[in-house]
Amino acid sequence: MFDLHPIQYAKPWAIFWTAAVLAHGYMDYSFFRIWKRWSRGIKTGASSTLNFRGVLRIWIAEVLFQRQLFGLSSTRWVVHILIFWGFLSLALLSLTTCIVAALGILDVYGAARDFFSSGRGHIFVKVWGDSSGLILLIGLTAASVRRFLLRPSQQITEQTDAVLLLFLLWLTLSGFFLEGLRLSLVSPDLARYSFVGRLFRPPGSYTIAQLQPWLKACWIVHAFSGVALLVYLPHSKLLHSISAPLVIACNAAAEFEREDIYWPDISKHRATGSRKD
């Protein structure tokens with residue numbers, strides 16, 4: 001969404017940032033209301049002797065590595081972890097490039113933008129973005145195949161599941177198409193680092209004037225799809241990706257104090273932070 005790329009073309013930044021701020025405000029307000037409702041059942045007043053190392057181990061195991069899901073199904077775990085880490089990595093990339101761009105605009109560290117747009121840092125950005133996008137695309141494709149083609153008998157596909165999967169696929173593929181258009185205007189030496197995006201390059205050779213309308217249209221579609229995701233997120237199943245870390249972090253203290261043993265198989269899934277470890 002926030003590209004640090006040597007190809008420059010007109011973008012409706014004023015409209016985009018207005019929509020992004022409004023969408024983010026709506027998302028934050030929705031999360032606050034949901035969290036306020038959920039937090040009523042969370043135990044407060046944890047012991048002052050809390051073992052923060054044990055709590056941190058619980059949080060890492062259950063949030064970053066999703067241990068409980070692995071205990072239920074290794075196949076579901078692989079698909080879910082690909083989507084989770086791919087999405088999280090792309091979000092971190094957008095945040096990083098946004099900060100770098102802001103520093104360049106404010107002239108706090110003007111060399112940062114040049115370094116990441118055309119210097120050696122550009123290689124890092126391209127490899128990071130394409131790797132994360134590929135991981136997310138593989139996870140979404142596998143989830144779609146499992147849900148629509150190889151659906152287990154006990155799995156029920158709701159309309160919201162289909163909408164969410166298709167929306168994330170659209171967002172991922174539109175990003176690669178935008179990258180492909182930009183790569184058609186750069187040298188092969190620079191394009192080779194975008195090892196996935198270059199597969200989406202249009203055939204033939206073009207000038208910036210010829211691709212300007214397409215670049216702008218594709219950017220608008222991709223960027224505002226990201227804005228729409230902010231509005232849709234509180235009402236989608238992606239909500240648990242944000243709420244789960246908060247709930248687990250709050251419950252970890254009580255779980256550590258009780259020395260809980262996790263299901264489904266208590267003999268194999270003892271709490272990561274248990275004092276018996």
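**Close-up views of an all-helical predicted chain**

**View 1. Helix α1 and its buried face.** At 1.5 Å a residue, helix α1 (residues 13-38), with its 26 residues, should span 38 Å, and the separation of 36 Å between its end C-alpha atoms agrees with that expectation. The model shown here and in every other view is predicted. Seven names make up the buried set of α1: Phe16, Ala20, Ala23, Met27, Ser30, Phe31 and Ile34. Two of these residues return in later views: Phe31 is a member of the largest nonpolar core, and Ala23 belongs to another core.

**View 2. The chain as a whole.** The chain contains ten helices and zero strands, so that its pattern along the sequence reads α-α-α-α-α-α-α-α-α-α. Of the 277 residues in the chain, 40% are buried. Among contacts with a separation of 6 or more, 70% are between residues 24 or more positions apart. The exposed area of the chain is about 15,900 Å², of which carbon and sulfur atoms supply 66%.

**View 3. The largest nonpolar core.** This core comprises 20 residues, and those that touch the most other members are Phe31, Ile83, Leu140, Ala143, Leu168, Leu229 and Leu238. Two or more residues come from each of α1, α4 (74-106), α6 (120-149) and α7 (159-183). Helix α7 gives the most to this core, with six residues. Apart from this core lies another, of 17 residues, which includes Ala23, Leu178, Leu211 and Trp219.

**View 4. The surroundings of alanine 143.** Alanine 143 is one of the residues that touch the most other members of the largest nonpolar core. When residues up to four places away in sequence are not counted, alanine 143 touches Val79, Ile83 and Leu165. Ile83 is likewise listed among the core residues that touch the most other members.

**View 5. A salt-bridge network centred on glutamate 179.** The structure holds two salt bridges. In one, the side chain of glutamate 179 meets that of lysine 126 at 3.1 Å, N to O. This pair links distant parts of the chain, with glutamate 179 in helix α7 and lysine 126 in helix α6, 53 residues apart. In the other, the side chains of glutamate 179 and arginine 182 meet at 2.6 Å, N to O. Because glutamate 179 and arginine 182 are three residues apart in helix α7, about one helical turn separates them. Through shared partners, the salt bridges join Lys126, Glu179 and Arg182 into one network. Glutamate 179 and lysine 126 are both buried, and arginine 182 is buried as well.

**View 6. A nonpolar surface patch.** Val127, Leu134, Ile138 and Phe195 form a nonpolar patch on the surface. Together these four residues have about 280 Å² of accessible area. Valine 127, a member of this patch, is located in helix α6.

**View 7. Valine 127 and its contacts distant in sequence.** Valine 127 counts as partly exposed because its relative accessibility is 33%, a value between the limits of 20% for buried and 50% for exposed. Leaving aside neighbours within four places in sequence, valine 127 is in contact with Tyr193 and Phe195. Valine 127 and tyrosine 193 lie 66 residues apart in sequence, yet their C-alpha atoms are 6.0 Å apart in space. Phe195, the other contact, is also a member of the surface patch that contains Val127.

How values were computed. Residues numbered from 1 in each chain as written. Predicted model: local features only at pLDDT ≥ 70, side-chain atom pairs only at ≥ 80, totals over all residues. Heavy atoms only, no water. Helix = DSSP H or I, 4+ residues; strand = E, 2+ residues; numbered from the N terminus. Buried < 20%, exposed > 50% of the residue type's maximum accessible area, 1.4 Å probe, protein only. Contact = heavy atoms within 4.5 Å. Areas by Shrake-Rupley, 256 points an atom, 1.4 Å probe, with all protein chains shown as cover. Expected span 1.5 Å × (residues − 1). Core = buried A, V, L, I, M, F, W, Y, C linked by side-chain atoms within 4.5 Å. Patch = residues over 30% accessible without salt bridge, like charges linked within 9 Å, V, L, I, M, F, W, Y side chains within 5 Å.
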